Amino acid sequence: MRLNLDIIADHLPKKYRVHRYGPENRKLLYGPPVPYETGRIMEPAYLYIAPANALRQLPRAGCAAICVGGQAPKSWVSGGVQLLHIEGTTDIYGVLHDILAIYDKFREWDHQLRDQIDNATEFDLRQFLILGSEMLDNPIGISDQMLRGLYRTEIIQQPNGVKEIRLLQMPPSHTPDAEYMEAIKEVWRVEREIRNPYLTMAPNLKNEEYCINLYPMGFFLGCANFSASRHLFRESDFALMDFYFAYLQNGYWRYVCNVDQRELPRTSGLKKLLSHEILLEEELEALTRKNDEVFFCIKLKERRGGRCLLKDYMSASLVAVSPFPCSVVIHHEEIVGLLQIKHDHQQQNHALEEIKNTLGEYMRKMGYLCGISNRFTDIGEFDSYLQQASYAAEQGYQDANEQTVHFFKDYMLQYILCECATHLPTETLLTQGLQAMHKLDRQKGTDYVRTLDIYLQSECNASKAAELLYIHRSSLMKRLDKIQRFLAMDLENSDNRLYLRICLRILNLMDI
């Protein structure tokens, strides 16, 4: 692991008097220092260590050095290069030994973090948090995308001076206290859009926090933060926290995908609903909506072509990505779920738009599309609304367009018309006159059926219909006269117009 001069300076034994020169640079640029020999040409990529009086040549741009004893060379101090001066000792080999021990400590830490990331079975988020808190000597916490606490560490100083790192797991129902929530709500709304680590001090917070918003696969799934409650942040801490956060971004996606949902009452209850089994009391309670909530069923389907995320990963990660409480399971090799959303009309419209925007992008990236039912309030009607979600997903699949979120409300008329034409031959639902017009159009290339359709869609406005058909109004009237003779129906009658529009829609759906 590479370090920088700030880290070396802050982790040297307290017996040394250390002075740091040159511009701030949080990048981890340098491997262990190389002893400098007088007259040697320094390379910018290396960190050198030498007695102060040995640095006689002018520094080259990008050079870095640690000088021991004597006075720091003025040309280096004013040269705008990275320089660490350790005074009060001439034991350069003792200093080098202590610096190499710092490198060994951080190399071991790097290996421990990397082992967590490279673990073939799962990413142990809890152990990863302990490793971060242990090295940075400050508590670290992590929250999900709804700002619900998952874990946080606590550092206990024992009477014998030994530090003990404790991991506190927030219960599933845990919610930060109201004062804390109000203090950070507005700050979080803005800062959740930030993709890089940031320092924050929300009103009423006791300590500064250095945070990273977790965006695995490009989606906001939570936030991690170090709190400066044990000691104020040093310049070296920021470089190390950035290094740690980079690993966390890499591993957190695996944590999300491997969260075991099966033991949660909501998830087991949903599985029993699908299998028509009796729910336990705790499962029924978990699926009981609040007075200001409604349910929506969702059903996922793989999109045409391309690769898609494995179903196990998709079902687990969907719970994390959803901006609303969501239970998802795999049933008969298909991903189905249940959303709970506040039913205030304005909030619900906003919620559906947020679902469309958030899940739409997510489905596209993962190779899926989803159908969403109409809202309902009685969990006993789950089966009916799951059919709605399934129908919407299937129609979205048949549409084969770029849209990935499909609401049943957009397919209701189509569903009604298809159902009414399922049990009887479609031709038997049409008048003889409409059948004759349809046959003539196919044989002679006339346009009677389309003309009638446009005329009825225009609410019998002849001028508007003629414009849409790109014909003169007089030509339209002649054509309508022939249509009227075919139909032998009064188009002034609203029931007749409704019946004809339904027949025309059935013709379009069935493509007969």
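**Strand β11**

I started with strand β11, residues 222–227, in this predicted model. I asked how many of its residues are buried. The count is six of six, so I noted β11 as mostly covered. Next I looked at its two faces. On one side sit G222, A224 and F226, and on the other C223, N225 and S227. Every one of these is buried, and both faces are covered.

Then I looked up the pairing partners. β6 pairs with β11 in the antiparallel sense, over five bridges. I140 has F226 of β11 as its bridge partner. Strand β10, residues 209–214, also pairs antiparallel with β11, here over six bridges. For C211 the bridge partner in β11 is N225.

**R148**

I followed β6 onward to R148. This residue is in the loop between β6 (140–144) and β7 (149–157). Is R148 buried or partly exposed? Its relative accessibility is 34%, and I logged it as partly exposed because buried needs a value under 20%. I also checked R148 against E402. They are 254 residues apart in sequence, and their C-alpha atoms are 33 Å apart in space.

**The sheet with β1 at one edge**

I traced an open sheet of five strands. Its order is β1-β5-β4-β3-β2, and the pairing is mixed. Which strands stand at the edges? They are β1 (17–21) and β2 (34–35). Each has a single partner strand, so one side of each has no neighbour in the sheet.

β1 runs antiparallel to strand β5 (residues 82–87), and five bridges join the two. Y21 finds its bridge partner in β5 at L83. I then looked for a helix on this sheet. Helix α3, residues 92–118, lies across β2, β3 (47–51), β4 (64–68) and β5. It runs at about 155° to β3.

**H11**

I turned to H11, which is in helix α1 (residues 5–11). Its relative accessible area is 18%, under the 20% cut-off, so H11 is buried. I looked for a polar partner of its side chain. The side chain reaches the backbone oxygen of I7 at 3.0 Å. Setting aside neighbours within four places in sequence, I listed the contacts of H11: I102, K105, F106, R234, S236 and L240.

**Q127**

Q127 is in helix α4, residues 125–136. Its relative accessibility is 30%, and Q127 counts as partly exposed. I took the C-alpha separation to L113 as well. The two are 14 residues apart along the chain and 9.3 Å apart in space.

**The sheet with β13 at one edge**

I traced another open sheet of five strands, with mixed pairing. The order reads β13-β14-β12-β15-β16. β13 (326–331) and β16 (405–407) stand at its edges. Each of them has a single partner strand, so one side is left without a neighbour in the sheet. From one strand to the next, the twist averages 25°.

Inside the sheet I checked strand β12 (residues 293–302) against strand β14 (residues 334–342). They run antiparallel and are joined by seven bridges. F295 stands opposite Q340 in β14.

I then asked which helices pack on this sheet. One is helix α7, residues 265–275, which touches β13 and β14. The direction of α7 makes about 50° with that of β13. Another is helix α11, residues 382–399. α11 touches β12, β14, β15 (368–372) and β16, and its direction makes about 40° with that of β12.

**Helix pairs at α16**

I closed with two helix contacts. Helix α13 (residues 432–444) packs with helix α16 (residues 473–487) at an angle of about 130°, axes 7 Å apart. That makes α13 oblique to α16, because 130° is neither over 145 nor within 65 to 115 degrees. From α13 the contact takes G433, L434, A436, M437 and L440, and from α16 it takes I483, F486 and L487. By class I noted seven nonpolar residues, one polar and no charged.

Helix α15 (residues 462–469) also meets α16. Their axes come within 9 Å and cross at roughly 100°. The two are therefore roughly perpendicular to each other. A462, S463, A465, A466 and L469 of α15 meet R473, L476 and M477 of α16. This contact divides into six nonpolar residues, one polar and one charged.

Note on methods
Residues numbered from 1 in each chain as written. Predicted model: local features only at pLDDT ≥ 70, side-chain atom pairs only at ≥ 80, totals over all residues. Heavy atoms only, no water. Axes fitted to C-alpha atoms, helices over the stretch in contact; angles between N-to-C directions. Helix = DSSP H or I, 4+ residues; strand = E, 2+ residues; numbered from the N terminus. Parallel < 35°, antiparallel > 145°, perpendicular 65-115°, else oblique. Contact = heavy atoms within 4.5 Å. Nonpolar A, V, L, I, M, F, W, Y, C, P; charged D, E, K, R; others polar. Pairing = 2+ DSSP bridges. Buried < 20%, exposed > 50% of the residue type's maximum accessible area, 1.4 Å probe, protein only. Polar contact = N/O pair within 3.5 Å; in protein donor to acceptor, adjacent residues only side chain to side chain.
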